[in-house]
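Reader: I should like to learn how to read a ligand site and the cysteines in a structure. May we work through an example together?

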Amino acid sequence: MVIKTLNDYNIANKKILVRVDLNVPIENGKVSDISRLISAIPTIQTIQSLGGITILISHFGRPNGLYKEELSLKQVVPELEKLLNFPVKFSSELIGKNVLKKIDNLTAGEILLLENTRFFAEEELNEESFSKELSKLGDIFCNDAFSAAHRAHASTVGVSKLLPNCAGQLMKKEIDTLENVLKKPQKPLTAVVGGAKISTKLNLLLNLIKKVDFLVIGGGMANTFLFAQGLQIGKSLCEKKLKETSLKIISAGKENNCEIILPHDVVVASEFTAHTNCSVKDVKDISSKDMILDIGPSTCDKINKIFSISKTLIWNGPMGAFELEPFDKGTIHTSLYASKLTKSGKLVSVAGGGDTVSALKKSRVDKDFTYVSLAGGAFLEWMEGKSLPGVECLF
Ligand code: AMP
């Protein structure tokens, strides 16, 4: 079955209940990163251009079912208005008579943002009576929050079953991009997985091994693999208990014809601080005082060669402790090369999940990748091969 979009409905003068993700960082009462707001704009503008009425709902932070002023969505209204160049009305109530009255008074093209769905405990419990209240807010439900699709909540899954539904533009773009990359990619397909620990990315590694031609492992998690292979890793971050698991991953790679690339040279320091003395060492020469904090230049070159023979790249996690200079070099060097190949049309590159977006932003390549997903948990779960309830319910 094909997912429906707004184009499948006649939405003129209809109330479109749009689940967006307005969960943006706030500093001193102001939005400090508007990326998620920017992503929400195309669907809203499409509804306006088709003469519909937009009712926006979203979660914001973790209020645990209680009203918390600092987590009121009212704070995002000024930024939304600026981006839309159009007034956005706000309702401090999410459900009930008063809101319904406000909605009835709206005319085609108008936009109303409702208060944080998570001020109700029923939201995360996906309670049916709460979903029913939400369903009264619109004629059609449009889910545009891929980043919340890994949770079966009332505002994502519950309400989708009670109204005619469809995917918004961002949701559709995320689904199409991610399907193209893992389900029907142009081969060779390479995955880059970095970050701190194997334990948080075990399912991801096990799923990728079955699908990709090359699996590049960097960051702190590579240390555990080096340790498992009998190498000294000194004071480096390492999950020694996962030695056997790492060896199993390596043999699963061989069974599945997936070449695993681990660092053969690394940047080491004696402490985890910026601009500390550091040196490049072969992984066979690590001393007990060394801490591995980045991949080395020769490993970067090897990774870039793999990128040159790849047609598709999927990336999650930094190659080193990228927040501290100069341990951001491995991530910068390799992501810059991937972006260059992407710009010249030789590579389809998709990245996402947690720290990855910040790492790519630091390298200033986030705009040059084919697609950078702002969905943290949902992106990771999708990479793990899990089906996402917020997407499934739209089919
Ligand atoms: P994750 O959230 O699992 O993607 O991990 C990201 C974190 O891993 C970042 O904060 C990095 O600083 C950290 N990281 C990456 N490589 C290393 C390393 N070699 N040693 C310590 N931390 C690292």
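Author: The turns below treat the ligand and then the cysteines of this predicted model.

Reader: How many residues surround the ligand, and which are the closest?

Author: One begins by listing the neighbours. Here 14 residues surround the ligand, and the closest are Ala-196, Lys-201, Gly-220, Ile-292 and Glu-323. By character, the shell comprises seven nonpolar, four polar and three charged residues.

Reader: Where does a polar atom of the ligand meet a side chain?

Author: One looks for pairs of N or O atoms. In this model an oxygen atom of the ligand is 2.9 Å from an N or O atom in the side chain of Lys-201. As for the backbone, a ligand nitrogen lies 3.5 Å from a polar atom of Gly-320, and a ligand nitrogen is also 3.5 Å from a polar backbone atom of Ala-321. Taken alone, the ligand exposes 500 Å², of which the protein buries 82%.

Reader: Which pocket does the ligand take up?

Author: The ligand occupies the space of the second largest pocket.

Reader: How many disulfides does the structure hold, and why is Cys-142 not bonded to Cys-166?

Author: One compares the distance between sulfur atoms with a cut-off of 2.5 Å. The structure holds zero disulfides. The closest cysteine sulfur to that of Cys-142 belongs to Cys-166, and because the two are 4.0 Å apart, they are too far for a bond.

Reader: Is Cys-142 buried or exposed?

Author: Cys-142 is buried, its relative accessible area being 0%.

Conventions
Residues are numbered from 1 along each chain as its sequence is written. This is a predicted model: local features need pLDDT of at least 70, side-chain atom pairs count only at pLDDT 80 or more; totals for chains, interfaces and linings use all residues. Side-chain values use heavy atoms; hydrogens and water are left out. A residue is near a molecule or strand if one of its heavy atoms lies within 4 Å of it. A polar contact is a pair of N or O atoms within 3.5 Å; within protein, one must be able to donate a hydrogen and the other to accept it, and residues adjacent in sequence count only if both atoms are side-chain atoms. Accessible areas come from the Shrake-Rupley method with a 1.4 Å probe; for residues, only the protein chains shown count as cover. On a 1 Å grid over the protein atoms alone, a cavity is a set of points where a 1.4 Å probe fits but cannot get out, and a pocket is an open set with protein on both sides within 12 Å along at least five of seven lines; lining residues have an atom within 4 Å of a point. A molecule sits in a cavity or pocket if more than half of its atoms lie within 2 Å of its grid points. Ala, Val, Leu, Ile, Met, Phe, Trp, Tyr, Cys and Pro count as nonpolar, Asp, Glu, Lys and Arg as charged, and the others, Gly among them, as polar. Buried means under 20% relative accessible area, exposed over 50%, partly exposed in between (1.4 Å probe, protein chains only).
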